Amino acid sequence: MNGRQQRLFILGTSLVPPLAVLAAMVFLWGRLLRWSDVLVFAIMYVICAFGVTTGYHRLLTHGSFKTSQPIRLALTVAGAMSGQGPPITWVAHHRRHHRVADKEGDPHSPHLGDGAGLRGALKNLWHAHLGWQLDPELTSDPMRYCPDLVRERAMRRISAWFLPIVLAGVLLPGLLGLLITGTATGALTGALWGGLVRLFLVNHMAYAVNSICHYFGRRRFATIDESRNVIWLALPSFGEAWHNNHHAFPKSARHGLHWWELDPAGGLILLLERLHLARDVVRVDPRRLALRERGLSLVGEFPVD
Ligand SMILES: [Zn+2]
Ligand SMILES: [Zn+2]
């Protein structure tokens with residue numbers, strides 16, 4: 001995909017789903033949402049959210065654990081299905097974000113734009129949320145940030161097949177809806193809720209980590225960026241909203257560092273490890289964690305890719 005196609009894709013996936021929902025609500029009021037749609041939506045949300053969080057983010061970007069090639073590929077395809085962009089592009093942007101978080105060169109910081117007051121803040125938040133992806137000037141060179149993935153033929157293939165994979169992610173819930181209900185309406189509403197609405201919600205969940213989690217919320221660790229933990233986003237983001245924790249310990253498989261910090265993406269990694277399907281799972285040393293919480297150590301301030 002070239003830059004223009006990518007920008008059109010982002011605009012399309014941001015605008016089409018809410019418009020489709022609006023149209024469906026007008027035409028199908030009362031018949032729009034049934035239990036089968038809720039089920040299909042939940043299945044697709046879980047698959048795609050794990051793809052972005054456990055797959056794209058913790059596995060491919062940070063190497064928080066290792067796993068077999070089939071699981072690695074399945075997680076990557078699930079990540080692509082979420083509509084977040086080809087894996088090589090996503091990882092390049094995200095590694096760059098960690099290198100210079102909230103400083104010049106960060107692709108999506110809400111703190112770099114000019115403009116004062118509420119208007120300036122909203123403009124900067126919009127840039128961090130979605131606007132940065134519409135900037136034709138913005139590219140993160142994959143050869144510089146993720147040569148490891150560029151060298152991998154499977155990653156190049158999945159990146160090249162990104163659009164058909166996204167389309168499959170809309171058709172698959174339609175097929176599920178058809179299988180569950182045995183009706184054409186079930187197929188259509190399955191594709192609507194499990195495909196388009198899910199695409200919209202998973203995308204904005206991931207965007208919110210870049211915008212909201214660098215702006216609002218609590219800072220447990222004195223990191224050199226503006227990352228924050230946002231409790232209400234923890235569950236929908238599958239644990240990614242413990243973002244200050246993540247910037248303090250970028251390689252940690254778990255972003256929820258205490259038992260009460262819900263972290264489904266980290267939970268999946270621990271489950272895979274238990275089933276002997278994941279190895280070399282990166283954990284934070286409890287003594288180091290305790291020191292960092294008291295602000296006594298600067299070790300780990302500089303993230304490792
Ligand atoms: Zn961040
Ligand atoms: Zn990260």
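The following paragraphs describe a zinc site and a nonpolar surface patch in a predicted model.

The zinc ion (ligand 2) is bound by protein donors from five histidines, namely the NE2 atoms of H57, H62, H94, H98 and H246, which lie 2.0 to 2.1 Å from the ion. Along the sequence, the donor residues of this zinc ion follow the spacing H-x4-H-x31-H-x3-H-x147-H. Within this set, H62 is located in the loop between α2 and β1 (66-67), whereas H246 belongs to helix α11 (residues 243-248), so that the pair ties together parts of the chain that are 184 residues apart in sequence. Both of these donors fall under the 20% relative accessible area that defines a buried residue: H62 counts as buried because its relative accessibility is 2%, and H246 likewise counts as buried, with a relative accessibility of 0%.

On the surface, a nonpolar patch is formed by W35, L39, I43, I47, L172, L175, L178, L179 and I180, which together present about 820 Å² of accessible area. The elements that contribute two or more residues to this patch are α2 (35-61) and α9 (162-181), and the largest share, amounting to five residues, is supplied by α9. One of the patch residues, L172, lies in helix α9 and has a relative accessible area of 33%, so it is classed as partly exposed, a class that spans the range between the buried limit of 20% and the exposed limit of 50%. The value for L172, 33%, also meets the requirement of over 30% relative accessible area that applies to patch residues.

Conventions
Residues numbered from 1 in each chain as written. Chains lettered and ligands numbered in written order. Predicted model: local features only at pLDDT ≥ 70, side-chain atom pairs only at ≥ 80, totals over all residues. Heavy atoms only, no water. Patch = residues over 30% accessible without salt bridge, like charges linked within 9 Å, V, L, I, M, F, W, Y side chains within 5 Å. Areas by Shrake-Rupley, 256 points an atom, 1.4 Å probe, with all protein chains shown as cover. Salt bridge = Lys/Arg side-chain N within 4 Å of Asp/Glu carboxyl O. Helix = DSSP H or I, 4+ residues; strand = E, 2+ residues; numbered from the N terminus. Buried < 20%, exposed > 50% of the residue type's maximum accessible area, 1.4 Å probe, protein only. Donors = N, O, S within 2.8 Å, 3.2 Å for Na, K, Ca; no water.
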